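Could you show me around this structure, one selection at a time? I have it open in a viewer and would like to know where to click next.

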Amino acid sequence: MCKREREWPPCRWYTHIFILSMMQINATWCQVRYSIPEEMVKGSLVGDVSKDLGVDIKRLRAGRARIVSDDNNDCVELNADKGLLLVKRRIDREELCAQISPCSFSFEIVLENPMELFSITVEITDINDNAPSFSSKEIALDISESALPGAQFVLGSAVDADVGTNTLQTYTLNPSTQFNLKEQLLADGGKYVEMILQSPLDREKQSELLLTLTASDGGTPRRTGTVTVRVNILDANDNAPSFTQAVYKSTVLENSPIGSLVTTVIATDADEGLNGQVSYFFDHLTQQNSIPFSLNRTHGQIKVSDLIDFEKSKQFQINVIAKDVGGLSKSCKVIIEVIDVNDNSPVIGLTSFSNTVPENSPIGTTLAILNVKDLDSGKNGLVNCSINASLPFKVKSSLNSYYTLVTDGLLDREVVSEYIITVTASDQGFPSLKTNKTLRIKISDVNDNAPVFAENMYIAHLSENNEPGVSLASVHARDEDCDLNARISYYLSDSHVKEGAISKFISVNSETGIIHAIKSFDYEQTKVFEFLIKAQDGGSPPLSSNVTVKVLIQDQNDNSPHILYPVQTGGSLVAEIVPRSADIGYLVTKVVAVDVDSGQNAWLSYKLQKPADKPLFEVGAQNGEIRTVRQVTDKDAVKQKLTVVVEDSGQPSRSATVNVNVAVADNFPEMLSEFTDFTRDKDHNDNLTFFLVLALAVVSFLFVSCLVVIISVKIYRWRQSHLYQSNLPVIPYYPPHYADAGGTGTLKHVYNYEVCMTTDSRNSDVKYLRPVSQNLLSVDGGGTDTLTSVRRDNAPSEYSTLPEMEVHRL
């Protein structure tokens, strides 16, 4: 600690000034001492604190300088605009300090921003404004006529409220023909006077004497006080009482119960009889203040008669007079020391306090200045100040009886937004007394937390063909901060999808976080896409975080099955040939279909529409294979038309139909004769005459046709050998991106068919080809039947099943 001392020249009422400068709490300390006379009028100058403390006047104004006093002393006031300390009211030293010398009072000057504390002590010098005075107007003395010259009679003492040279100095007695005065010193330095007999008294000549006792002080001008001494001359009593001790010393605990014995004074008288009886009295003439004791006049016992408070009086000095019946008296002094008891709890005063602190405040930030005092003395008055060690604060001692509350750790409003600090001041007495003061400190928010989403990733499901503007998901983020720092807005990030900026497809409500679809989605085009949502708070600077939103487009049954085989064209129909000797389970053909939907919407099932009572064929519900279910009989029609319905499993389901023409025949001519009118309506009910005429016409036509067929076959073979060197496969048309559906119920195996046909009209000649393993009959729309040859290399038999092979587009 830095200490500096400065001597000031004597001026007006100043005696000396010591300056110990302290500019900031916990840095240096400053104590200024002024000396002024009492009786100064209001507004009188005490001192220039701005100059003496070395503090600029602007600093006094900006720091809101004010006086802080423990005992609410309002004798002086501070003029912060001029930096002067002025007398606020008339100062009476005797009122403030009584007989205590030197007389002074202290206070502190507090500055803020930053906090500074200065201690000021003002000493009051005494002036001779009080004259000596006696407690009564008359002193009555009973003196025996047998009193010998030199006998002493206690007159007591006058009281002068002044101190030093201004207090009581001398006594004079008038007239002084028979008595002289002798001054005696009290143990505390005071004076009392005894009257000494110079010549014997004669009661018969004069039974009463009236004397004037004058007390004078040493002030300028001198002041005096008088009292009349009335002397009653008694009959002879030549022995005065005598105490066993000149001074009695004793101790008493403060707060002792009333009636407690303190001490006993003893005086003896050599006389006998009534003249030897002694009575004890308190000398109230010399007692300035009331005393909490009583005296037994007969036995000399001094007991407690009132509450004793160490904080008010630490010692009592009592003059006890022993007087016999003859009027002779003697005095002694009783000194009673009061022993302090720890009966005062510490008192906590709040000099300065800031109840709000930012959460990013550095360690050591001052929050409050506390003034802690205890009125007890010794260890009973030593005070320790503390708080809960688990809190991020601590209490430091600054000046004597001053403590500062500072931060001692990092603060986090999101963990603890408010602290209730209990400051405990405990003394060192036994038992120790404690005082608590509660301080409530709020932690103000700083934007130190970014928004946090409730989930690491949001997955939204959206059905295709949705309406624009539909809500597909909602994101939510939470910010640990408060107020504006916790106000969250939601934005789309700059991520992109294939079709363009994400903002063309998705929008987000900046306040609620609800995500809307701007356009309608098609599962067959887009099945899944992702984008980022940014959550940003309203702090300065703002903090943000991102989250991924994954949107899964859910398929709807919006596509009907598509027939891949048999191919349905307007020009011709495909017919399958089934031998009459076909076994049960003979594979006739397979219907192949696909559905561009997915999942259950793409699971296909096959069934025959309106099957006959005893159907010859059945279709596999899962694989679409058309097989025979029984042996072929003569009653079975040669030409049969099967309608296969392909249906998916969606809700509601969608379906497609395909017609499959089947010819039951062992050879091609038989099949052809029955199949020429395959495409006609079988429900025509022609009459018998029409058929007979038609039969004759056909027989004639066949004869001519045979010749044409033979010629046509020759021409066909020639064209085959020259124009078609390789077989051209004709297979069903597969849409783009079509793949084998595997276990979805669609085509599991790929079949390869080779078809040859003519381009003639229905009425053209038919050329018989060489037998192959399986035959297809293509019937064009005009009614012309053309044999389609399906070749298979290395076929084991004519009716063997088609092998699996790769499909080639024609």
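Start with a small piece of this predicted model: select strands 3, 6 and 5, which form an open sheet in that order, with antiparallel pairing. Strand 3 (45-48) and strand 5 (76-79) are the edge strands, each pairing on one side only. From one strand to the next, the twist averages 20 degrees. Now keep strand 3 and strand 6 (residues 84-87) in view: these two run antiparallel and are joined by three bridges. Pick Leu45 and you will find Leu86 of strand 6 standing opposite.

Next, turn to the charged side chains. The structure holds 14 salt bridges, and a few make good stops.

Select Glu123 and Arg33, whose side chains meet in a salt bridge at 3.5 Å, N to O. Glu123 belongs to strand 8 (residues 116-125) and Arg33 to strand 2 (residues 30-37), so this pair ties together parts 90 residues apart in sequence. Glu123 is buried, at 16% relative accessible area, whereas Arg33 is partly exposed, at 24%.

Then select Arg59 and Glu116, another salt bridge, with the closest N and O atoms 3.1 Å apart. Arg59 sits in helix 2 (residues 57-62) and Glu116 in strand 8, so parts that are 57 residues apart in sequence are tied together here. Arg59 counts as buried at 18% relative accessibility, and Glu116 is buried too, with a relative accessible area of 7%.

For the next stop, select Arg64 and Glu112. Their closest N and O atoms are 2.4 Å apart in a salt bridge. Arg64 is in the loop between helix 2 and strand 4 (66-68), and Glu112 is in the loop between strand 7 (103-111) and strand 8, so the pair links parts 48 residues apart in sequence. Arg64 counts as exposed at 54% relative accessibility, while Glu112 is buried at 13%. Add Arg66 to your selection: Arg64, Arg66 and Glu112 are linked in a network of salt bridges.

Finally, jump to Asp427 in strand 31 (residues 418-427). Which side chain of opposite charge is nearest to Asp427? That is Lys434, 9.2 Å away, and Asp427 is buried yet has no salt bridge. Look instead at Leu433, whose backbone nitrogen lies 2.9 Å from a polar atom of the Asp427 side chain. To see the surroundings, show the residues that Asp427 touches, including Asn342, Asn344, Pro346, Asp374 and Ser432.

Technical notes. Residues numbered from 1 in each chain as written. Predicted model: local features only at pLDDT ≥ 70, side-chain atom pairs only at ≥ 80, totals over all residues. Heavy atoms only, no water. Helix = DSSP H or I, 4+ residues; strand = E, 2+ residues; numbered from the N terminus. Buried < 20%, exposed > 50% of the residue type's maximum accessible area, 1.4 Å probe, protein only. Lys, Arg positive; Asp, Glu negative; His and termini not counted. Salt bridge = Lys/Arg side-chain N within 4 Å of Asp/Glu carboxyl O. Polar contact = N/O pair within 3.5 Å; in protein donor to acceptor, adjacent residues only side chain to side chain. Contact = heavy atoms within 4.5 Å. Pairing = 2+ DSSP bridges. Axes fitted to C-alpha atoms, helices over the stretch in contact; angles between N-to-C directions. Lists of a residue's contacts leave out its neighbours within four places in sequence.
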